Structures are given as C-alpha cells and as structure tokens.
Amino acid sequence: MAATPDRPSAATPRRKAGRHRGEGQWAAGHFTPLNANEQVKKDDDGLNVRTRIETIYAHRGFDAIDGADLRGRMRWWGLYTQRKPGIDGGKTAVLEPEELDDEYFMMRVRVDGGRLTTEQLRVIGEVSQEFARGTADITDRQNIQYHWIRIEDVPEIWRRLEAVGLSTTEACGDTPRVIIGSPVAGIAEDEIIDGSRAIEEIQRRYIGSKEFSNLPRKFKTAISGSPLLDVVHEINDVSFVGVRHPEHGPGFDLWVGGGLSTNPKIGVRLGAWVPLDEVPEVWAGVVGIFRDYGYRRLRNRARLKYLVTDWGPEKFRQVLETEYLKRELADGPAPEQPVQQWRDHIGVHRQQDGRYYVGFAPRVGRVDGATLTKIAELAEAHGSGRVRTTVEQKMIVLDVDQDQVESLVSGLEALDLRVKPSPFRRGTMACTGIEFCKLAIVETKERGSALIDELERRLPEFDQPISINLNGCPNACARIQVADIGLKGQLVTDGDGNQVEGFQVHLGGTLGLEPAFGRKVRGLKVTSAELPDYVERVLRRFQEEREDGERFATWAARASEEALS
C-alpha cells in the first residue's frame, strides 16, 4: 500500500518541497497542506464532526458551529448549508460564504444501489414531513435529499434513519460517495450479473472508515450488471460494467477517470475483467491510488480524471496491479452496445421470477414526504416491500404479481406518478437550482416541470427518446453535457438589454459505447422565458429532418447551426 500522512513508506521518503510543492501527491512525499480544504482535513478528520454535532451544535444551535465544520467537515455526514432565500443569481459568485448561508441545511440520505424497503421509504417520508417541510427530492445519483433541516434536529433524524438501516455517512465531502447500481439488480430477466453483493461489501468494509475518509475530492462509483448500461458508468471515477468473459463467464469490465463539471471527461477502459468477489478489493485499489497519487495542490484539479488523463490507462492499470493488488488482472471484453434507447426501466417489465417491476416518473425528481409515504403503502399492498430509485430521478416498485399490476399503476397515476409518461416527463431532469443551492445562478425544478407541461401541450405527437437536462450552474450535477438538450444556467441578456436568468445550450450529448459531449452552437443562449419556444422549435426541426431510425444526438451532430438556433 502506498504512503499516507500517518504512515509514510520507506520507499517514498519526504521530499523537499519545490517552488509550487508538486501536485500535492502523498505518494510523492507532498504532505504539506497546499490549500485551505486540505488544511481543514489535516486538522481533523471529517468523520469526527459527528460527535460535535451531537454533543455541542445540536444543543447550542447554528451560531455555535465552527466555520471549518460548517462549510467543510459536516459534509462528511451529508450536510450542506442551503442558500439564503432572496439572493439572486447575479450575487452567487460575489458574496462571501457566510452571506450565502442560510441557518438551515440540505441533508443527503445515501441510497446505495438505489435499494430501499418500504419501511425505509416510510421513515424517509415521515422525517421529511416532520423535519424538512415536506421536501424529499430524488437525485440523479439515487439519493434522497432533504432541505430546511435544523441543526437541533439532526441527531434525532440520524436516530430514525439508522434504526431502519439508512445513513448519511459520507453522502458528501471528500469521500467515497453513494455507490450507484442497477435498480433492477437481481431481478431483471436480461441481467448479465448481479452486483448487489459487491455494493454491500464495499459499504460494510469501507464506508465510514478512516482509510478513505480523506481523499483529494469526492469519489463516485457505479456498479451494474445490466446490459442496458443503466448507471452512466462513463462519467464516474470508477465503474464496474457487466460483461461475459469467453473463458471465465459473467463479471465486470473496469472503467476509471470519468467525470463532468466544468472540464468533462469520459472514463476509460483498463481492459481488465473483474469477477464479482474481487470487485471490493479492486475498488479499494482504485480509491487508494486516488488517495495517494491524486492531486491535492489545486482543488479544481483534485479529481481522478486528471490523474488518469496524465497517466493513461496502461500506467494506471500497472500501478493498480503492482502496488495495490500485488497481482495481475485478467484481460477482458468490452460491454456490448445496448439494444434499447431508453435505459431508465420505466414501465411494466417481467422479472426473472415471473413477477413484474413497475417503473414510474415523478416530475424532475421532485416528490415530497407525503407522496413517498403513499408510494410505500402502494408498494406494500401490491408488491413484496421493495422499491428502487434510479439515476434518472425515477422510482421502481419490485415484485408485483400480474394480477396486481393494473391496480398499482392506477394508484401511482393518481399521485401524478406516470408509468407511461410522455417522452418529456420521462426524459427531463433538473438539479436543485437556486431555490436551495449556493452555487446556482438560475431556478431549475419549477422551470423543468413547467417545460414538461408546455412541450406535452405543444408536441403531443412527439414519440422519440429525448433527454432534457437543466442545471443551475456550470457544475453539471444534472449531466448537461451528455443530454440531448443540455441547459447550463447563467445570466443572459434579453431583447431589452436586461440581465435575466437563462441557459447556454448543449445539443446532442450521449452516453453508451460511443459517448459524446453536446455540441455548443456559437452564441446560442436562451432566456428562461424563451426556453419552451426554443425547445419546441428545435424538436420540430428534428422531426422534419431526421432520417429513419435516427436519434436526436445523431441528428444534432450533423444539423446546421441554423437548424439548431
């Protein structure tokens, strides 16, 4: 194992710092904190803040919270301060953190693999109604996200969540975040391999462990054995993708170095095949490389994608095998191209055991505690008590007998949860936006919901798969670069010369075995008020110009700038 600050290796002696002290890599002997974030983590492990929350802050209130805990270490337990109401997007980048902070928190509940029982979902709903003013958004990483959380209530919320096996541990911070997984793992008829056991073992061994509680930045994981490639594996730090090896049978293809934000990169294959039982060990090796060799000098380069880009896949695999695993990995095949364009599991589908799972679409991931409680009741009445969240901000009820499907669908539709949604309801996602996020510049959730209604009214005949992703800032939490229509929030100038909320447009992004980032047409920006008109115009041109079987992303790549404007 490579060196850590508490355990320097004799093979990697401390070096005298150069002019800029290298890239801050521990494995190169650069242990001196090189920015404020690294100093905070050196001063105290983020996991230790829980004791202060429970024994001090929850009793003395918001004003008693140490600043380094408030805007740093509390993230290790899924807590961010939310945006103070009434601050417009033009002030996002100019105000100090304390000016943006409200005295309430966003709290993120880990839902690894998207797996929930109805008991857990009911508790999530009850906590939402009692402590979070009813908020409970489904994120595009399968989590549940609360708002309006008071510090005084956090210990009681933890008690209730943990009583049913849920956690906020390392839901944020420079840690291994939630492990996304196929929401139909272990039940889909076409599954290559069930990765659930690997997710559970990683959780058991490593989540909440100080072995990986001080990473250069966040670390994102995806594990899926679905042939639909249903976990956006191309844009995670590490991904395990189900494949069938011609000699060894079902296992996983290993990818590293994906990520979006302001400098997006598609992950790369290492060409290695990993059996199910070895996934946790290989995962820990990749995380260990990030911990020890990751760049800590500049925060905006402190993601694994930069190291992978600099090293290349061959060197990365070599270091993984020689320094961390102490053995070679087997070579393996790439995954096959998915046969379906939609990979979200929406609708009614047969399971391996002859029962059915039912996927449904809320609006842009926005639900509430009361609705989640009703979903739990429906799932208990019609299924076995298992539900799932997806990476498209959707949900699934599992284990439904054939004679119960129609009744369940009727119950979901009565809650405005569509089992047969329009392409616009099905394909539109939105990040948190300016309502709660301190980084946001524009509003997203309500705007995304209103856009769905407008497009359904204007284009009732449109029947092609389409993804429309709205993001409140450049950081791409809603995956704008890989959407058919990606909308990056920013201030734009309207026809009267006023600065108003709007979006820069990305067109034709796609994931799959031929992933590509969306095309940006020079100068193409739309105001929020113009958004429905613009999207309608582009989709009508797509309908007019598309060739038989052509997807939006393919058309957008070849279309003229005039057609996309």
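**Exercise 1.** Which residues in α8 meet L304, L307 and W311 in α9?

*Solution.* Let's start with the ground rules. The model is predicted, with local features needing pLDDT of at least 70 and side-chain atom pairs counting only at pLDDT 80 or more, while totals for chains, interfaces and linings use all residues. Numbering runs from 1 along each chain as its sequence is written, and side-chain values use heavy atoms, leaving out hydrogens and water.

Step 1: locate the helices (DSSP runs of H or I, at least four residues, numbered from the N terminus). Helix α8 covers residues 279–293 and helix α9 covers residues 304–311.

Step 2: look for contacts (heavy atoms within 4.5 Å). V286, I289, F290 and Y293 are the α8 residues that meet those three in α9.

Step 3: sort them by type. The contact holds 7 nonpolar residues, no polar and no charged ones; Ala, Val, Leu, Ile, Met, Phe, Trp, Tyr, Cys and Pro count as nonpolar, Asp, Glu, Lys and Arg as charged, and the others, Gly among them, as polar.

**Exercise 2.** Find how the axes of α8 and α9 cross.

*Solution.* Step 1: take axes as lines fitted to C-alpha atoms over the stretch in contact, with angles from 0 to 180 degrees between N-to-C directions. The two axes come within 10 Å and cross at roughly 90°.

Step 2: name the arrangement. The helices are therefore roughly perpendicular (65 to 115 degrees).

**Exercise 3.** What share of the 565 residues of the protein counts as buried?

*Solution.* Step 1: apply the cut-off, under 20% relative accessible area with a 1.4 Å probe, protein chains only. The share is 61%.

Step 2: add the overall dimensions. The C-alpha atoms fill a box of roughly 70 × 60 × 50 Å along the principal axes.

Conventions:
Helices (H or I, at least four residues) and strands (E, at least two) are DSSP runs, numbered from the N terminus. Angles under 35 degrees count as roughly parallel, over 145 as roughly antiparallel, 65 to 115 as roughly perpendicular and the rest as oblique. Buried means under 20% relative accessible area, exposed over 50%, partly exposed in between (1.4 Å probe, protein chains only).
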